[in-house]
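Here are a few exercises to help you find your way around a new structure. Keep the viewer open, try each task yourself, and then walk through the solution.

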Amino acid sequence: MSVESRAPVAPDDAVERVRQASEITAVVGAHVTLKKAGRTWKGLCPFHTEKTPSFTVSPERQTYHCFGCGAGGDVFRFVQETEKVSFAEALKLLADRAGIRLPSRRGVASSEPLYEILEEAAEFYRRTLLDPATGKQARAVLTARGIEDGTRDRFGMGFAPAGWDALTSRLGPRHGQAALVRAGLAVEREGGRGMYDRFRDRLLVPLRLSTGVGGRVVGFGGRSLSGEEPKYLNSPESPVYRKSAFVFGLPEARETLRASGEAVLVEGYFDVMVLSQAGVQDAVAAAGTAITAEQASVLSRYVSRVCLALDGDRAGAQAAGRGLAPLLGAGLTLRVVVLPERDDPDSFVRREGVGAFQALRERAVGVVKFLCRDAGKSGEAHAQAIAKVVTLARELKDLSLRDGFLVDADRELGVGFDRLRHEVEKPGATKSMAAPPSVTVKTQAPVVVQRMPFVERSLIALLVAEPRLAERAVEAVPEEWIRHPAAREAWRAIVADPEGGVAHWCESAEGAGRALLTSLASESDAPVEAEKAWDELVRSLEFEVRKKELSQLQSDLARLPAESREARDLMGAIEELSVRMWKLRNRSAAQGLGKGASE
């Protein structure tokens, strides 16, 4: 699960009361069979399949960590991960469990009536669709589209009748114009005098939050029956609905996604419903928008793999291309189904059957093969494939992910890893990458994965065990000395709030930083002589830093004329740095060292 921006959802004292009332072994124990193992409890990880327990819960620090998959955090994080909810929802679930009443919050209080209004609207639209007379035409359209009654009811489909005030005349007197407009159900007339229904003569699908089947309605997606443009109309953004973060079909697909580990990501609501009733119950949709990083993050809470199955026309291919970077950036393994031209999953399954779709899914290709699938047709097609690869690589912020992608692309295109990386790193277009000659010597490059230096991990471990050393850390160790991203993230969290404890540090640390903290919390005990151990680690860290500086100075010196003033200055700096390193290496001399880089 990706880290969300944690805006205040309740006063800090209320959050702390809920935390203290939610003993982590009890909360985790409701999902995992735990056994005592010394000062911790162990069990099988609920976040990945394993046979040997590697999941550890620390009652002392109120944290959990899996040494198999790296998942970890505090009691709030555990509820977020297992229930697939936001921090605010996890807080409320735990508060309700503990019998604690949370103080009302202005933002939440103002949103609660909108949920009620939207639920009433969903029920009105549903009853209208089932009405023998009013919903007759809409039901006929559903039948023609192959939507069965069970699927219709499962997704809560409805019908907005023709006319300007079918809904507002019913809900307006009770809730008022402003609330209906805020909920996205009504449009204000010019001058603010009155309102009219946003959805008219449209089949409607409720857009529900992913907090379980029957999750709260936040909006609607509507398909025109009369030919009125636009053909598809969604609810506008509102205090409860953000299009860029919404994934359609998650409440219905939730359990299947957990079991399969892969989501079939399609474009439209009908794609999801037709696939679902055909047995492909792990299908979800981007809901008529380009796939965003937020949607990819939501998906990553449920699955580790995505099979992208967008429309088989040019627009679908372009949409697929735009969605690759966000999905890969969220850490998802990605495959792409190539549908026949002019087909979408809905039409393909209705015409060819679910077996044919599953066969396409089995033949789904990886990202590189998808981008390079036409490269062998001509020199121009080859150059276009290179341009696609370079464009996508530029959007990948993780360097190890980018390099691995370019290694795979080189295997398909044969232009050389170094040339591809050069094109990615230089500004401008990719036109200079022409098709390669018939014989090309390929240069393979390993995927670069930054390993955490032992001394950095040891320093963080000591701070976790003895956070009182954080003040000395700020004084003795510049942050730039901590080079590994996860170690630096953990370092920042600790020194920013030394007395906060692991649970608080995990709230501010992200991704690998949080995993490092929870891992160390499960294995770190304070040494007998913590201060002595600290001093030795700081010396070791500085020695490694100075060694890199020395190497750089020596490299600079080699490029200068031997008798130049710059060379003499560098030689002096190298001599001072060498003395410093000798003293760092020799304990007897280390006693007289100051805190600076040189004496």
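**Exercise 1: one side of a helix**

Which residues of helix α15 (residues 354–362) are buried?

Solution. Before you start, keep in mind that you're looking at a predicted model.

Step 1. Go along α15 and pick out the residues under 20% relative accessible area, the cut-off for buried. You should end up with Phe357, Leu360 and Arg361.

Step 2. Now look down the helix axis. These residues cover an arc of only 100° around the axis, so they sit on the same side of α15.

Step 3. Check what that side packs against. The partners of the buried residues of α15 are the strands β12 (262–266), β14 (305–308) and β15 (333–336), plus the helices α11 and α14 (345–352).

**Exercise 2: the whole protein at a glance**

Work out how many helices and strands there are, and what percentage of the residues is buried.

Solution. Step 1. Count the elements: you get 27 helices and 16 strands.

Step 2. Turn to burial. The protein has 599 residues, and 47% of them count as buried.

Step 3. Look at how far apart contacting residues are in sequence. Take the contacts between residues at least 6 apart: 64% of these join residues at least 24 apart.

**Exercise 3: build a sheet, strand by strand**

Find the order of the strands in the open sheet of four strands, and say which are its edge strands.

Solution. Step 1. Strands of a sheet pair through backbone hydrogen bonds, either parallel or antiparallel. Here the order is β6-β9-β10-β11, and the pairing is antiparallel.

Step 2. Look for strands that pair on one side only: these are the edge strands, β6 (158–160) and β11 (232–234).

Step 3. Compare directions. On average, neighbouring strands of this sheet are turned by 30° against each other, direction ignored.

Step 4. Go through the pairs:

- β6 and strand β9 (residues 202–208) are joined by three bridges; one to look up is alanine 160 with its partner arginine 202 in β9.
- β9 and β10 pair over seven bridges, and leucine 203 has arginine 223 of β10 as its bridge partner.
- β10 and β11 are joined by three bridges, with glycine 222 opposite leucine 233 in β11.

Step 5. See what lies on the sheet. Helix α11 (residues 269–277) lies across β9, β10 and β11, at about 80° to β9.

**Exercise 4: zoom in on serine 224**

Is serine 224 buried or exposed?

Solution. Step 1. Place the residue first: serine 224 belongs to strand β10 (residues 217–224). This strand is mostly covered, with eight of its eight residues buried.

Step 2. Check the value for the residue itself. Serine 224 has 6% relative accessibility, so it counts as buried.

Step 3. Follow the side chain: that of serine 224 reaches the backbone nitrogen of serine 226 at 3.4 Å.

Step 4. List the contacts, leaving aside neighbours within four places in sequence. Serine 224 is in contact with Asp201, Arg202, Pro230 and Lys231.

Step 5. Take a look at one of those contacts, aspartate 201. You'll find aspartate 201 in the loop between β8 (195–197) and β9. Its phi is near 55°, a positive value in a residue other than glycine. With a relative accessible area of 14%, aspartate 201 is buried too.

**Exercise 5: the nonpolar cores**

Which residues have the most contacts inside the largest nonpolar core?

Solution. Step 1. The largest core has 60 residues, and the ones with the most contacts inside it are Tyr125, Met157, Leu185, Phe220 and Phe248.

Step 2. Ask where the core's residues come from. Helix α5 (residues 106–130) gives the largest share, nine residues.

Step 3. Pick methionine 157 and look around. Leaving aside neighbours within four places in sequence, its contacts include Arg126, Leu142, Val205, Phe270 and Met273.

Step 4. Finally, look for another core, apart from this one. That core has 46 residues, among them Ala253, Ala263, Val306 and Phe370.

Terms used: Residues numbered from 1 in each chain as written. Predicted model: local features only at pLDDT ≥ 70, side-chain atom pairs only at ≥ 80, totals over all residues. Heavy atoms only, no water. Helix = DSSP H or I, 4+ residues; strand = E, 2+ residues; numbered from the N terminus. Buried < 20%, exposed > 50% of the residue type's maximum accessible area, 1.4 Å probe, protein only. Polar contact = N/O pair within 3.5 Å; in protein donor to acceptor, adjacent residues only side chain to side chain. Contact = heavy atoms within 4.5 Å. Core = buried A, V, L, I, M, F, W, Y, C linked by side-chain atoms within 4.5 Å. Pairing = 2+ DSSP bridges. Axes fitted to C-alpha atoms, helices over the stretch in contact; angles between N-to-C directions. Arc of directions from axis to C-beta.
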